[in-house]
Structures are given as C-alpha cells and as structure tokens.
Amino acid sequence: MSRTRILFGFLLLLHGAVFAQINFTPEVVEYDLDGVVFKDLRFKSEAGFVKYRPPSGWNYKGESSRLHLFPGEQRRGTVTFESITGNSFGALTENNLEEYTEILRTLIPPDALNVTIKPEDKNWIFFGGQEGRLLEAEYEQFGEVFTIGLFFRNFPRYQLRIGMLAPQDEFESMKEDIRVSLHGWGMDFAAE
C-alpha cells in the first residue's frame with residue numbers, strides 16, 4: 001500500500017457516527033481587497049452559513065459530511081474537518097480526556113509501530129471565545145514516522161473536529177498553517 005493511500009485512507013476513519021451539523025460542500029466566495037484576491041469557502045449549516053479561509057495555496061475537496069484540505073508546495077499530508085452533533089460529545093476536560101484519546105487511537109493504523117500518545121496541547125488555539133483542544137500521536141509505518149493530530153472545539157450546536165496527518169518532519173508547519181487559518185472560521189452573516 002502506498003504512503004499516499006495511507007494518508008488518504010485516514011480520511012475515512014474519522015470517528016463520529018452522528019449526522020453533520022454543517023454541509024461541507026463548499027461555495028467559493030472571492031473578495032478583492034485593493035487588488036489582492038482572497039478566497040473563502042462558505043458552507044450551509046442549520047444556523048445559517050459558516051465561512052472559512054483555507055491556508056493560501058492549499059487544495060480542498062468538500063462533501064456533505066467533511067472538508068478535506070491538502071497542502072501545496074509538494075508537501076505531504078491531509079487535514080479533514082467534520083462537525084459532530086447530538087449528545088455524542090462533551091467538552092474535552094480532564095475527566096473525559098481518556099475518552100477523547102480513544103477517538104485518536106482509532107485513527108492510528110493497526111499495523112503501526114512505536115505508537116506514542118503525546119501530552120495534550122491545551123493552548124493550541126483560542127477562537128470564538130473558547131479554547132480548542134488538540135491531541136497528538138506519533139507512529140512508525142513503512143519505515144517513516146507520522147504524526148496525527150485530532151482537534152476538538154465545541155460550539156453551541158456542534159463540535160468541530162479537525163484531523164491532521166503528515167510525516168513527522170512536515171506536521172508542525174502544516175499544523176501552524178491550520179491554526180492560523182482557523183481565525184477565518186465563523187458565521188457568515190452577509191450570506192443570504
């Protein structure tokens with residue numbers, strides 16, 4: 001099995017058997033600000049429209065339940081957004097950290113070697129008035145070390161989960177690109 005198939009195979013494994021609050025089929029909205037064109041993605045949700053500006057140069061593919069992002073510049077990796085609704089989630093706290101760690105473990109290939117769960121990154125990002133929580137693990141497969149991260153951020157009607165996977169040496173820059181881009185996540189009140 002090729003490394004590319006493994007990276008993209010991870011997309012199918014994100015945990016969450018509950019329907020999506022957000023339809024991640026994107027509508028592209030472009031803004032011109034003094035000759036600089038910005039591209040936002042807009043998604044329909046039960047509460048209106050959500051907008052997001054992916055990192056510059058990244059490719060994307062959206063479907064009803066997930067948004068997939070792929071870094072440009074010949075980097076390897078993938079990022080998957082999904083929203084989880086219902087009573088299947090709670091705020092990530094010290095009391096249920098193990099439950100969320102188990103969700104992360106389900107994303108690690110069963111034949112992975114040298115699996116290490118890293119300490120939680122409580123301060124990875126703070127947006128929309130609440131911190132998000134990031135769990136990470138490293139594992140070896142096919143002679144290469146990969147890092148996988150799973151980010152959780154609760155909103156009033158859904159939980160945003162972002163899965164990230166990349167070779168270890170490319171993960172930190174990919175994670176930083178996503179962290180910065182999340183400041184562009186929010187309700188689009190201008191949408192009709």
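Which residues is Phe-81 in contact with, leaving aside its neighbours within four places in sequence? The close-ups below start there; bear in mind that this is a predicted model.

**View 1. Phe-81 and its surroundings.** Setting aside those sequence neighbours, Phe-81 is in contact with Phe-24, Tyr-52, Ser-65, Arg-66, Leu-67, Leu-69, Leu-160, Arg-161, Ile-162, Leu-182 and Trp-185. Two names on that list come back in later views: Trp-185 in View 2 and Arg-66 in View 4.

**View 2. The largest nonpolar core.** This core has 26 residues, and Phe-81, Ile-178 and Trp-185 have the most contacts inside it. At least two residues each come from β1 (22-33), β2 (36-45), β3 (48-52), β5 (67-70), β6 (78-84), β8 (121-127), β11 (159-167) and α3 (168-181). The largest share belongs to β11, with 4 residues. There's also a second, separate core of 14 residues, with Ile-103, Leu-107, Ile-108 and Leu-135 among them.

**View 3. An open sheet of 4 strands.** Follow the order β1-β2-β3-β12, with antiparallel pairing. The edges are β1 and β12 (186-187); each has a single partner strand, so one side of each has no neighbour in the sheet. Further in, β2 and β3 run antiparallel and are joined by 5 bridges. Look for Lys-44, which sits opposite Phe-49 in β3.

**View 4. Arg-66 with Glu-82.** Here's one of the 13 salt bridges found in the whole structure. The closest N and O atoms of Arg-66 and Glu-82 are 3.2 Å apart. Arg-66 is in the loop between β4 (59-62) and β5, while Glu-82 is in strand β6, 16 residues apart. Both partners are buried: Arg-66 has a relative accessible area of 15%, and Glu-82 comes in at 3%.

**View 5. Asp-177 with Arg-75.** These side chains meet in a salt bridge at 2.8 Å, N to O. Helix α3 carries Asp-177, and Arg-75 is in the loop between β5 and β6, so you're looking at a pair 102 residues apart. Asp-177 is partly exposed, at 25% relative accessible area.

**View 6. Glu-136, Lys-175 and their network.** Another salt bridge, again 2.8 Å from N to O, brings together the side chains of Glu-136 and Lys-175. Because Glu-136 lies in strand β9 (residues 130-141) and Lys-175 in helix α3, the pair ties together parts 39 residues apart in sequence. Glu-136 is buried at 6% relative accessibility, and Lys-175 is buried too, at 8%. Zoom out a little: salt bridges with shared partners join Lys-118, Glu-136, Glu-138, Glu-172 and Lys-175 into one network.

Technical notes:
Residues numbered from 1 in each chain as written. Predicted model: local features only at pLDDT ≥ 70, side-chain atom pairs only at ≥ 80, totals over all residues. Heavy atoms only, no water. Core = buried A, V, L, I, M, F, W, Y, C linked by side-chain atoms within 4.5 Å. Buried < 20%, exposed > 50% of the residue type's maximum accessible area, 1.4 Å probe, protein only. Contact = heavy atoms within 4.5 Å. Pairing = 2+ DSSP bridges.
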